[in-house]
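Me: I want the reasoning behind the labels, not just the labels. Take me through it.

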Amino acid sequence: MKNFATSLAMLLLSSVLLAQEQPPQTVPIQASDDGTEPKPEDYRSPPLPPPPGKQIRKYAEDAAGKPQQNFGVIPIHDNQKFFQVLGKRLEYRRDGDIEKELWEIDAWYGGDHNKLYLESEGEREVGGKTESAKLEVFWNHALRPFWDLQLGVRHDFNPRESRSFLAGGIQGMTPYGFETDLTGYISEDGDASWRLEMERGFHFTQRLELEPRLETDFSFSEVPDYNIGDGFTGIELGLRLRYMITPKFAPYIGISWEQKLGETADLIEADGGKTEFTFAVAGFRFWF
Amino acid sequence: MAQQDKDGQPLFGTRRRFLQTLGAGIFSTGINATFPLASWALTSPKYLHEGIGDYHPQTYFDLAFRYTPLDIDGRTGTATAINGTVPGPLIRWRQGDTVTMDVTNHLQDTKHASIHWHGILVPFRMDGVPGVNFNGIQPAETYRYQFRVVQAGTYWYHSHSRFQEQTGSYGPLVIDPKDGEPFHYDRDHVIVLSDWAFTDPETLFRNINLAPEYYIYYKRTVFNYLHDIRKKGFAEANAELLPFRRMNMSPRDLSNVTGYIYTYLMNGHSPDMNWSGRFLPGETVRLRVINASSMSNFDVRIPGLDMDVVMADGKAVKPVRCHEFRIGVAETYDVLIRPREARAYTLFAESLDRSGYARGTLAPEPGMQAPVPPLRPTPDRKLEDIGMGMMKGKYFGGMSDAMKEKLWRKRMQLQDDAIPGPNGPMPFLPDKDNPNVAMVVMNPQDRLAEPGVGLGHDGWKVLTYKDLVSAEPQPYKATVDREMCINITANMERFIFSLDGKKFTEQPGPYLFKHNERLRLFLVNHTMMEHPMHLHGMWMQLETGAGNKEIPFKHTILIKPGEALSVLITPIEKGDWAFHCHLLYHMEAGMFQVVRVA
């Protein structure tokens, strides 16, 4: 009982003490005569910044905050713009009686961080009509050490009625050197899809290179007018053996297996089309 | 001609002076119209070069840039030659003299030309970097360089305008000491190593920008991989190679431009042209080796002879006996050799990536030749070599920024004793979305005692930076006033080269050095390649662990991948100075900064 009373008294006392320690809730800050705020007694002012010119810092601070350019001359031109036309695949492909020609050509202009990037791809029957042809125009922006962000538009000229898309994606290199191009599309009718292209070269000699290639398309919606079903629409696996005559010109031979998938395959079959191809291919890669 | 040199001889009075001042191009047209070689470099199978002993110091030089046809191994290219020769004329001064050089730009279609006196302490306006020290020499204009020579030794000069250095605008620079040489020798030869391409450098630059492996014909192949598996076992081969592939790097990122496109030159001679210099058995011969290349580091040796390195970057060091030394771009080494036999010796300079070599001969009689050693195989870098040892065997998963920072803190506590200073270099944690930086080395190391990639396994002594002990008086104080760190960064895939993750045009302003302060500058190499970092206008004294009086003076330091080193600097001259990687295309791709001494 005594213990309880003692502890109660201590509790009360401590609460009083604690209450006394707390500062008053609202004390208006009085401005002193010279307009500065009053300082607590134990206040210590921070060290003064070093006088100009004495300061120890990494960069000289110029008004512009830009790299030094004396006498109106830039010493180094590290923002040089380049252009490149890169023919990735220009090939003749054959599966039995079916003979086709395919092109995949990129072209770009720009600097290290921003580029105007054009991609064109298409296929046609030899001596016949163009089966598909598309052109994409992107703004490429360097996002990560190995990745570019791509924003732009795509236009399909063939087959059937042409249509346009908003396009956005990433282009670059995954760890272990897989060249990757992943792009999402929204068509003018609101149909969404994406496409993935991946390739990786393996050198057998300094000039002989084997390049497996994967391409796959996925659609979020059914677009019967274009024979496109829901889900994965097709997959293409290629293997090309390339001989680099010069870095800018490298002919190749290879095989390419193409399979339409799911509903897309059904739609094409219903249309009387073929859904699986195994092409023997021959072509060349170039750039300038 | 009213001008006279110190000997009191009229400047154009002798044939040699005529050659030196006007350039041997005019003279050599008499010998071979398409052999523009300076007299100090000219040899033929019937004529051995006697050395440069007869070339006396002068105080006035008239230099002119002109397009000149250059014949190498039967092909003709166009050089931006100085006084009509590649390399340019030998410039020889005497310490203490006030020298004057009138440089004229006859390259009518250029923005400007310039000459930078590499490694020479000069006033700010005389350093010759357009956009830093002056506005360049416009076509048809003449710029007068005039300053007092305060130092002695072997140096060189070159153009600092765009790619003129690649097309032959460079030459040797020798300064005689006022008080006599610190060592004895009987004869001295200048050995200028360089790289020549018939391709227009603008094209070359574009090619390596668009395809970084354009000139690389030593890529690793599937067969190399199979060979490694057979030799080391599947697990070990993968543990070493795959982390490189994970980072999208190659163990053979050794250089950007190779012997595939370059002809490596010694004093302007291709290996077939075989520059030949004379020695007499029993003589002590001083070789003043200068690497005037644009992109090529060389490993130099003379099979059958020991070399005593007596000067590095023009400054005396305590003699170091070695059999081979790596000379980074823009470095100079003076070596003494003492051949006793009356036979020929091959002077062999192999490029770092083993894609080619420059070669010359030292012989007592004309017509003698020694066998040329074969090129060694192209080396592979190890993960350990690039400061990524902890990546070994790591195939997946990444490190979070917090983990990286923790690692840095740990590193700062368990500081490598060899790296001086209380804290070592400041950690470098760039934005992970900075596309300029492909790799950040978490564990940079002291590598001064390592000879470098591809060296040190041949059973002979290779020079390392650790071996360099200054034999010059130390004019600067020992106490360090301030520390600063510069990170060397790159993304080769995009061909962006940067300092602290920023290209030159992205830098917020020049680095600030205080006049006459003692600055410890840390350099950390976060790239896969060696970079010869050059600071204009002042010495960098490499902290090798030796005392303040023994640390060697350098104007260019070849920093290895994954290396952290420190230099002590006393900025003695106010003004703006260039600090850059001396690999020409790295510099033009952004690895350049201005240093302001104020």
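Reply: What follows covers a helix and two contacts in a predicted model.

Me: What makes A:T264, A:A265 and A:L267 the buried residues of helix α2 of chain A?

Reply: The test is a count. A residue is buried if 20 or more other C-beta atoms lie within 10 Å of its own. In α2(A), residues 262–270, the buried residues are A:T264, A:A265 and A:L267.

Me: Why are they said to line one face of the helix?

Reply: Look down the axis of α2(A). The buried residues fall within an arc of 165°, so they line one face.

Me: Which strands do the buried residues of α2(A) pack against?

Reply: They pack against β11 (231–243) and β12 (249–260) of chain A. After the helix comes A:G272, with a positive phi near 85°.

Me: How many residues does each chain give to the contact between chains A and B?

Reply: Chain A gives 42 residues and chain B gives 49. The cut-off is C-beta atoms within 7 Å. On the side of chain A, β1 (82–95), β4 (130–144) and β9 (202–203) each give two or more residues. The largest share, three residues, comes from β4(A).

Me: What is the make-up of that side of chain A by class?

Reply: It has 20 nonpolar, 14 polar and eight charged residues. Gly counts as polar here.

Me: Which domains does the assignment give chain B?

Reply: It gives domain 1 (15–182) and domain 2 (400–597). Their contact takes 13 residues from domain 1 and 12 from domain 2 of chain B. The domain 1 side divides into seven nonpolar, four polar and two charged residues.

Technical notes. Residues numbered from 1 in each chain as written. Chains lettered and ligands numbered in written order. Predicted model: local features only at pLDDT ≥ 70, side-chain atom pairs only at ≥ 80, totals over all residues. Buried ≥ 20, exposed ≤ 12 C-beta atoms within 10 Å, placed from the backbone. Helix = DSSP H or I, 4+ residues; strand = E, 2+ residues; numbered from the N terminus. Arc of directions from axis to C-beta. Contact = placed C-beta atoms within 7 Å. Domains from an automatic or database assignment.
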